[in-house]
Amino acid sequence: MSERNSRLPGFSKRSAEERLGEVARFAGVDRAELEPLTCPDNGLPQAIAAHMSENNVGRFSLPLGFATNFRVNARDYVVPMVIEEPSVVAAASFAARLLRAGDGIVACSTEPIMTGQIHFPEPPPEGVLERCLEERMGELKAALDRLHPRLLAAGGGFREARVRRLNHPDGHPLAVVHLHIDVRDAMGANAVNSMAEEAAPLFEAWTGARVGLRILSNLPKHRRVHVEGKVALAPGGGESALDPDEARRIVEASRFAEADPYRAVTANKGIMNGIDAVLLATGQDFRAVEAAAHAFAAYEGRYTALAKWRIEDEALVGRMDLPLALGTVGGITAVHPAVKANFKVLGVTEATRFSEIVAAVGLAQNLAATRALASEGIQRGHMRLHARNFAVQAGATEREVPEVVAAMVALGRSDQQAAIECLAELRRARSG
Ligand code: MEV
């Protein structure tokens, strides 16, 4: 049973301060704990930023918003999203509402297993590495786990190693040993890179073969999330249902993306709109996730859609499987005040639970984009949101923006000049 309700009707109509109050109430945290999300230094004091990366001169801001309505595995979530593109947060919230019935989006994840690669550019004869692993797996595990007591105490550590033999396209053979490491709640790059570096001299001593690279693989094929979402069908659609005809067009669009890499890239980009926005808000390595998602989409030898939609038992059902290497500890999660505040709102501490929410956002984003594309197209919604940007640029206050946008929509115009004229007209009407 979910103790929190992420259905926050009217959320988009409130002021930023009112929204933050609602988010704090939803998350059961004191409003003051969310201060880093609104304070003038964007939640990242210069003193911290200066030590994060090199040649630092300051900080760089992007809009932060919260998507409402999410329900994943019977628990409600309000999801922080950092994104400059209009429509994304609104679309995620819209689709999350369609997908909330019952337990909401059903997600399951594998254990958080990451892969470290030890590369042998001039591999020993076939059988040598394989025998070495057969005979020395226990020794390897003991040597690596001994150096990572904290990971071990958290329930993680070395799990197994496998040999992969490959051929360069020019025919030159090479070999790779994959270390599979359970990294628990960390993204895992540090633990895996360290273990790969620690294991390399052992393999050199055991086999006499020279090691080339020792590095994490950013294709975490064994660290995966599967999400499934369902929307009921009802003539005319509604808040929690889709019109059967709309659903059929979504399936058609899905099949297009499954068949055509040109369309699949765009559909997957839409999924990543949602995923990356959550990753930015939570201080994750979004480059790693992007690289993995697209490699995974092409893993069977042909780039295809990550999400698929079908009509089954009178419902529209979407499924997606995704590799996700995320961390709720390590990296900047313990240092960046806004990241810490966003995790408080999410209310998750386990990386696997967090990955399930992120994948759910990706699936919802895909549904929203596909529904819009398969019906009225995305430009109408976009125009409204662009109109908002123009209204803000024209100097409209938070209270004036909706009225300026409504006037622009009524005029059928979404440009800077229209915003200036509508704002002037609004103020004239008020003062008169
Ligand atoms: C735009 O940022 C994302 C979409 O193009 C995704 C899609 O086509 O599915 C709308």
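Which residues does Leu367 touch, not counting residues up to four places away in sequence? The views below start there, and all come from a predicted model.

**View 1. Leu367 and its neighbours.** Leave out anything up to four places away in sequence, and Leu367 touches Ala95, Leu98, Leu99, Val231, Leu242, Ile250, Trp309 and Leu316. Two of these names, Leu367 and Leu316, come back in the next view.

**View 2. The largest nonpolar core.** Here we pull back to a core of 56 residues. Phe70, Val79, Met81, Val227, Leu316 and Leu367 are the ones that touch the most other members. Helix 11, spanning residues 351–374, chips in ten residues, the largest share of this core. As a rule of thumb, nonpolar side chains in soluble globular proteins tend to be buried together.

**View 3. A second core, separate from the one above.** This one has 30 residues, including Phe120, Leu129, Leu144 and Leu151.

**View 4. Asn342, a buried residue in helix 10.** Helix 10 covers residues 337–346, and Asn342 sits in it. Asn342 has a relative accessibility of 2%, so it falls under the 20% cut-off and counts as buried. Skipping residues up to four places away in sequence, Asn342 touches Leu37, Leu64, Phe66, Pro80 and Ala281.

**View 5. Two cysteines, Cys39 and Cys108.** Don't go hunting for disulfides here: the structure holds zero. Cys39 has a relative accessible area of 19%, which is under 20%, so it counts as buried. Cys108 comes in at 48%, between the 20% and 50% cut-offs, so Cys108 is partly exposed.

Terms used. Residues are numbered from 1 along each chain as its sequence is written. This is a predicted model: local features need pLDDT of at least 70, side-chain atom pairs count only at pLDDT 80 or more; totals for chains, interfaces and linings use all residues. Side-chain values use heavy atoms; hydrogens and water are left out. A nonpolar core is a set of buried Ala, Val, Leu, Ile, Met, Phe, Trp, Tyr and Cys residues joined through side-chain atoms within 4.5 Å. Buried means under 20% relative accessible area, exposed over 50%, partly exposed in between (1.4 Å probe, protein chains only). Helices (H or I, at least four residues) and strands (E, at least two) are DSSP runs, numbered from the N terminus. Contact means heavy atoms within 4.5 Å. A disulfide is a pair of cysteine sulfur atoms within 2.5 Å.
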